[in-house]
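Q: Could you take a close look at the pockets and cavities here, describing what lines them and how the neighbouring elements are arranged? Please state the cut-offs behind each term as you use it.

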Amino acid sequence: MVDPDVSQYCLRLGDDALVLAQRLCEWAARSPQLEEDVALMNLALDLLGQSRSLLTLAGAREGAGRDEDDLAFLRDEPDFVNAQLVELENGDFGRTMAKQLLVSAYALPLWQALCGSTDADLAAIAGKAVKEVAYHLDHARSWVVRLGDGTEESHLRMQKGLDEVWPYAFELFESDPLLDRLVARGVAADPAALQPFWRSCVEEVLAEATLSVPSTDWRPSGGRRGTHTESFGYLLAEMQHLHRSHPGVSW
Amino acid sequence: MSSAQPLWEVFVRSKRGLSHTHAGSLHAPDAHMALRNARDLFTRRQEGVSIWVVRATDVVASSPDEKDAFFDPSGDKPYRHPTFYDVPDSVTHL
């Protein structure tokens with residue numbers, strides 16, 4: 001069933017999950033402790049699984065015969081439509097957890113809403129994802145509170161990491177004509193409707209973590225239109241080079 | 001970092017009706033994190049429906065030095081096994 005709008009929407013969701021998974025994977029063997037290493041890789045695997053389903057669905061609705069691998073490995077930077085927040089460099093562990101909190105507090109109400117999507121395939125993906133991101137949110141919340149309300153050093157670094165990624169979160173709640181059409185059809189979640197949950201959830205965590213809500217009004221944006229931050233090309237190069245050097249390779 | 005954190009013993013119940021079984025141990029700063037680490041380390045392949053974590057220092061263990069006194073006396077008492085009974089043919093499911 002060819003449906004360019006749904007295809008593009010799935011591409012956005014799939015790219016968000018794929019790029020965040022790739023970033024989390026950079027922590028492999030570098031985490032503060034062995035237990036956390038496994039925890040982060042579990043999160044990454046959840047997201048990778050989501051992205052595989054979403055990119056497969058995006059390819060099917062596109063109707064051009066592209067599969068998940070074609071979409072993940074053979075598109076170039078301007079073709080990726082993930083939000084810039086997920087591609088931001090990890091920085092230290094505190095900054096990574098700040099990013100995880102902001103993304104997960106958006107992903108939970110998103111997938112909850114998409115469980116009721118009029119697109120049955122998307123609703124099925126949402127049914128699985130909603131349990132995964134609930135744990136992701138719990139994981140991020142635990143660490144943000146622990147580090148924010150920890151030592152003087154951990155508090156400073158947690159606040160710094162939060163300040164750095166905070167402005168990028170608001171792209172997640174932007175609307176555009178594509179989303180307007182899909183919301184009207186009952187396929188997509190209305191991003192503006194997700195923001196109240198996100199706000200109250202994040203502010204509650206930050207209060208418990210004794211962190212302050214950043215006050216900047218700077219709102220970088222453009223990921224959904226293929227505009228990305230400087231580090232994104234390097235992420236793609238690492239993610240795609242194997243597939244491009246050895247087309248069709250598997251193990 | 002890990003060495004400064006207490007050790008926790010992890011017990012996993014594989015399904016309802018079975019008892020919790022020792023699965024391994026891990027480091028974590030407190031019970032909250034220990035439970036989450038245990039979830040990520042020991043139940044990622046659907047091994048469990050319930051987890052207990054116990055501080056390793058709270059486990060009271062028998063000493064290897066007492067092994068003989070503790071366990072050897074039961075070695076020559078096979079009659080404690082229920083193997084000397086004839087099971088009637090009418091009893092099934094044993």
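A: By class, the lining of the second largest pocket has six charged, four polar and one nonpolar residues, where Ala, Val, Leu, Ile, Met, Phe, Trp, Tyr, Cys and Pro count as nonpolar, Asp, Glu, Lys and Arg as charged, and the others, Gly among them, as polar. The model is a predicted one, in which local features need pLDDT of at least 70 and side-chain atom pairs pLDDT 80 or more, while totals for chains, interfaces and linings use all residues; side-chain values use heavy atoms, without hydrogens or water. Residues are numbered from 1 along each chain as its sequence is written, and chains are lettered from A and ligands numbered from 1 in the order in which they are written.

A pocket here is an open set of points on a 1 Å grid over the protein atoms alone, with protein on both sides within 12 Å along at least five of seven lines, whereas a cavity is a set where a 1.4 Å probe fits but cannot get out; lining residues have an atom within 4 Å of a point. The second largest pocket holds about 400 Å³ of space, a volume being the space filled by probe spheres set on points joined across faces, edges and corners. Its lining draws on both chains, with N42(A), L45(A), D46(A) and E132(A) from one and R39(B), D40(B), T43(B), R44(B), R45(B), Q46(B) and G48(B) from the other. At least two lining residues come from each of α2 of chain A and α1 (31–42) of chain B, helices being DSSP runs of H or I with at least four residues and strands runs of E with at least two, numbered from the N terminus. The most, three residues, come from α2(A).

In the largest pocket, α2(A) again gives the most to the lining, here with six residues. About 730 Å³ of space lies in this pocket, and of its 22 lining residues the closest to the centre are L48(A), D69(A), F73(A), M239(A) and W251(A). Two or more residues are given by each of α1, α2, α3 (68–73) and α10 (232–245) of chain A, and the lining as a whole has twelve nonpolar, six polar and four charged residues.

There is also one cavity of 30 Å³ or more, with a volume of about 170 Å³. Its lining comprises 17 residues, and D16(A), L47(A), V103(A), A107(A) and W111(A) are the closest to its centre. Of the lining residues, twelve are nonpolar, four polar and one charged. Helices α1 (4–25), α2 (34–62), α5 (93–114) and α6 (120–148) of chain A each supply at least two of them, with the largest share, seven residues, coming from α5(A).

Both α5 and α6, together with α4 (84–87) and α9 (191–208) of chain A, are packed against by the buried residues of α7(A), contact meaning heavy atoms within 4.5 Å. These are S154(A), M158(A), Q159(A), G161(A), L162(A) and V165(A), where buried means under 20% relative accessible area, exposed over 50% and partly exposed in between, with a 1.4 Å probe and protein chains only. They lie on the same side of α7(A), because they cover an arc of only 165 degrees around the axis, taken from the directions from the helix axis to the C-beta atoms. On the other side, E152(A), L156(A) and K160(A) are exposed.
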